[in-house]
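Here is a friendly walk through one protein model, written for someone who would rather look at the structure than read a long methods section. Have the sequence and the 3D view at hand as you go.

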Amino acid sequence: MSAETTSQPTRREFLKTGAAIGAGLTLAVHLPGCAPGPDKVVTTPFLPNAWVRISTDNSVTLVVDRSEMGQGVHTALPMLLAEELDVPWSMVRTESAPAGAEYNNAIFPIQGTGGSTSVAAAWKPLREAGARARAMLIAAAAQQWGVDPSECTTEEGRVVNGRRRLRYGEIAELAATMPVPETVTLKDAANWKYIGTPMPRLDLEAKVRGAAGFGVDVQVPGMLIGAVARAPVFGGKPKSWDEPAALQVPGVRQVVQLSSGIAVLADGYWAAHKGVAALNVVWDNGTAGGYSTAAMRAQMPGLASRPGIQAKKEGTGALVRGDRTVEAVYEAPYLAHACMEPMNATAHVEADRCTVWAPTQYQSGAAFGGGVLDYAMKITGLDASAIMVHTTYLGGGFGRRFMQDFVIEALEASKAAGVPVKVMWSREDDIQHDFYRPPTYGTF
């Protein structure tokens, strides 16, 4: 039976570059009956590569940088590791992981989730990571038993030799001393247990029970809730606002100016929302103030009649039926993404560190001005090592959460206020201040 064989870089090269495909969720596999006693300290001695962590309590952790927004990536990626590592699917759980360039997507060099690349990018590295860890566990068990590794196999999170069994956690320390294999042989497709089969979604139960942590669910001690008054047109700036009136609203604590507008910070969202209404902001709408949807639509027929860039031409350009010419006009307006969960982010900017909790598709990188980590560095002046990014579940993404406007607001508000701040957009905010699909007008 054929199998897929891959080469292995040096241990240093693998640990340095191997994480380029995966990070963003943590998979822990807890095997029953092996919890440590009260006098035992749990450690994680076995870190064979950028993805796999095996602790003495028999827990296995997978680190991947993919954001779960309903597309099922928190189930698809664990399947790759569980397949090659040979751990029971029923014990899998997921968590998000931090931001950093070491977790970049191999298909596009940023730590982001988009373009339907999650499985394609992680396909080989995660399977290899599981296979290498499994080979090292087998080598450790074989050494302990005094047999050749070829005489051992694995099943359900254990190394097996005849009637002998060793749980992964029992040999984690010894496995850490084993050399990383130069090559690994991946499972043949005919032997797959998980890949290509319908598996229960790992996030389903938590979401049904309401226990899944989305961005709007984040709670931090001492946190204020922020609502923001933004210009009604792109490029607008506030000329004046009534801060004392906003502060008179019960529950409102602070009013701070942001790059996007004026933020009202309060004990709860409704107080912040009412505080924004009380600001009575007078806006300078700038050069875009006189532009409207109606004016834009009035321009479209004339623009559409002009010769465009021709990619390909076939036929006469019209459908002729006898003596009739059939023509049509197709038009679509600006459209917002309208994610089920409106934009939100929570930030805690301190003198020596910064923590961000965000439902984001883009943790770090150079595209679009940067990811969450990059903007946190710009706004706080802190080094990346002092910034922690927690990726929550996303209530829809569609590419909208690649942009960082809502994260910037939380960072700026927290920095100005000196306390943790969760900025929450209303549905109206979300529709009015989105990054829209452009309008189209086509004649045929």
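What span should the 28 residues of helix 3 have, and how far apart are its end C-alpha atoms? This is a predicted model, and every value below is computed from it. Helix 3 covers residues 118-145, and at 1.5 Å a residue it should span 40 Å. Its end C-alpha atoms are 40 Å apart, so the expected span and the model agree.

**Along helix 3**

Helix 3 does have a bend in it: about 35° at lysine 124, with proline 125 following within four residues. Serine 118 also belongs to this helix. Is serine 118 buried or exposed? Its relative accessible area is 9%, and because buried means under 20%, serine 118 counts as buried. Setting aside neighbours within four places in sequence, serine 118 is in contact with Arg66, Val73, Leu77 and Thr113. Just after helix 3 comes glycine 146, which takes a positive phi of about 75°.

**Two nonpolar cores**

Which residues have the most contacts inside the largest nonpolar core? They are Val52, Leu85, Leu137 and Val159, in a core of 43 residues. At least two residues of this core come from each of strand 3 (52-54), strand 4 (60-64), helix 2 (73-85), helix 3 and helix 4 (172-175). Helix 3 gives the most, with 11 residues.

Valine 159 is a good place to zoom in. Not counting residues up to four places away in sequence, valine 159 touches a list of residues that includes Leu137, Ile138, Ala141 and Trp145. Cys152, Leu166, Tyr168 and Ile171 are also among the residues it touches, as are Arg164 and Arg165.

There is also a second, separate core of 33 residues, and Ala345, Ala347, Leu411 and Val423 are among them.

**Two phenylalanines with positive phi**

Two loop residues deserve a look, and the table sets them side by side.

| Residue | Phi | Loop | Relative accessibility |
|---|---|---|---|
| Phenylalanine 368 | near 55° | between strand 21 (362-364) and helix 9 (372-380) | 53% |
| Phenylalanine 398 | near 60° | between strand 22 (387-391) and helix 10 (405-417) | 59% |

For phenylalanine 368, the phi is a positive value in a residue other than glycine, and the same description applies to phenylalanine 398. Why does phenylalanine 368 count as exposed? Its relative accessibility is 53%, and exposed means over 50%. Phenylalanine 398 is exposed as well, with a relative accessible area of 59%.

Terms used: Residues numbered from 1 in each chain as written. Predicted model: local features only at pLDDT ≥ 70, side-chain atom pairs only at ≥ 80, totals over all residues. Heavy atoms only, no water. Expected span 1.5 Å × (residues − 1). Bend = angle between axes of the 7 residues up to and from the residue. Core = buried A, V, L, I, M, F, W, Y, C linked by side-chain atoms within 4.5 Å. Buried < 20%, exposed > 50% of the residue type's maximum accessible area, 1.4 Å probe, protein only. Contact = heavy atoms within 4.5 Å.
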